[in-house]
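Reader: Before we discuss the labels attached to this structure, could you show it to me, so that each term can be set against what it is meant to describe?

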Amino acid sequence: MKRVAILASGGGSNMVKLVESMTGDHPARPVLVMSNDASALALSRARDMGVETASVDHRPFKGDRPAFEAELVKPILQADADIICLAGFMRVLTSGFVDQFAGRMLNIHPSLLPKYKGLNTHARALEAGDSQAGCTVHLVTAALDDGPILGQAHVDIEPEDTPDTLAARVLAMEHQLYPTVLRKFASGDNSPVILP
Ligand code: GRF
């Protein structure tokens, strides 16, 4: 049984879907939900689902990323996690942290990578006049929003779309894509998932 740690900074809707998916004959189980914000809604939602939680506030480290990451890694090692899922985790991780989990740390990004790495992905897709948007699950490497793609979901952009209306439709696809990719990945299958 694979042990999964999920890192989230905010509401944790992706975390909830991942936790809810890991039941029955699923080859993985959640062992930790952790945040860089002790007040993150994701933590109370995880506790409500009976999942162990932890938090390490990044602010006291004042930009000393290695020092922050040295604390962040402790609950992950204590939980003996095999797979790390970043799900709305909004801190950039250094190669020092990423390399410890090479090939077993996943992230979901709200664009069709390699397009629109970074922030404000929906506004950028609208600005560019794209006909499609979507989300990507990828293995995490030291380069931001880079790394081998494990899955993508596509969403048609409508003429009246705003960043918010598009984000809502993409988020709904994220909630389908991430659990699908995690189940395959946990069973040892890295072949890409393409939705719809
Ligand atoms: C999602 O849009 C995800 O693509 C991005 O941050 C958001 C997380 O939302 N990484 P939630 O915290 O999972 O609801």
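Author: I begin with the largest cavity, whose lining consists of H58, F61, G63, D64, R65, F68 and R91; please keep in mind that the model is a predicted one.

Reader: What makes this space a cavity, and how many residues of each class are in its lining?

Author: The term cavity applies to points where a 1.4 Å probe fits but cannot get out, and the search of the whole structure finds one such space of 30 Å³ or more. The largest cavity holds about 50 Å³, and its lining comprises two nonpolar, two polar and three charged residues.

Reader: How do you know which residues are around the ligand?

Author: A residue is counted there if one of its heavy atoms lies within 4 Å of the ligand, and the residues that qualify are G11, G12, S13, N14, G88, I108, P110 and E174. By class this shell has two nonpolar, five polar and one charged residues.

Reader: What makes the pairing of S13 with the ligand a polar contact?

Author: The cut-off for a pair of N or O atoms is 3.5 Å, and an N or O atom in the side chain of S13 is 2.5 Å from a ligand oxygen, so the pair meets the definition. A backbone N or O atom of G12 lies 2.9 Å from an oxygen atom of the ligand, and for N14 a backbone N or O atom likewise lies 2.9 Å from a ligand oxygen. Of the 370 Å² of accessible area that the ligand has on its own, the protein covers 78%.

Reader: Where does the ligand sit, and what lines that space?

Author: The ligand takes up the largest pocket, whose volume is about 770 Å³. This pocket is lined by 37 residues, with F89, M90, I108, H109 and P110 nearest its centre, and the lining divides into 18 nonpolar, 15 polar and four charged residues. At least two lining residues come from each of α1 (13-21), β5 (105-109), α5 (121-127) and α6 (163-186).

Reader: Why are some peptide bonds and one phi value worth singling out?

Author: They are singled out because most peptide bonds are trans and most residues other than glycine have a negative phi. The bond joining L113 and P114 is cis, with omega about 10 degrees, and P114 is in the loop between β5 and α5. The bond from L195 to P196 is also cis, with omega near -10 degrees, and P196 lies in the segment after β8 (193-195). K62, in the loop between β3 (53-55) and α3 (65-78), has a positive phi near 40 degrees.

Conventions: Residues are numbered from 1 along each chain as its sequence is written. This is a predicted model: local features need pLDDT of at least 70, side-chain atom pairs count only at pLDDT 80 or more; totals for chains, interfaces and linings use all residues. Side-chain values use heavy atoms; hydrogens and water are left out. A polar contact is a pair of N or O atoms within 3.5 Å; within protein, one must be able to donate a hydrogen and the other to accept it, and residues adjacent in sequence count only if both atoms are side-chain atoms. Accessible areas come from the Shrake-Rupley method with a 1.4 Å probe; for residues, only the protein chains shown count as cover. On a 1 Å grid over the protein atoms alone, a cavity is a set of points where a 1.4 Å probe fits but cannot get out, and a pocket is an open set with protein on both sides within 12 Å along at least five of seven lines; lining residues have an atom within 4 Å of a point. A molecule sits in a cavity or pocket if more than half of its atoms lie within 2 Å of its grid points. Ala, Val, Leu, Ile, Met, Phe, Trp, Tyr, Cys and Pro count as nonpolar, Asp, Glu, Lys and Arg as charged, and the others, Gly among them, as polar. Grid points are joined across faces, edges and corners, and a volume is the space filled by probe spheres set on the points. Helices (H or I, at least four residues) and strands (E, at least two) are DSSP runs, numbered from the N terminus.
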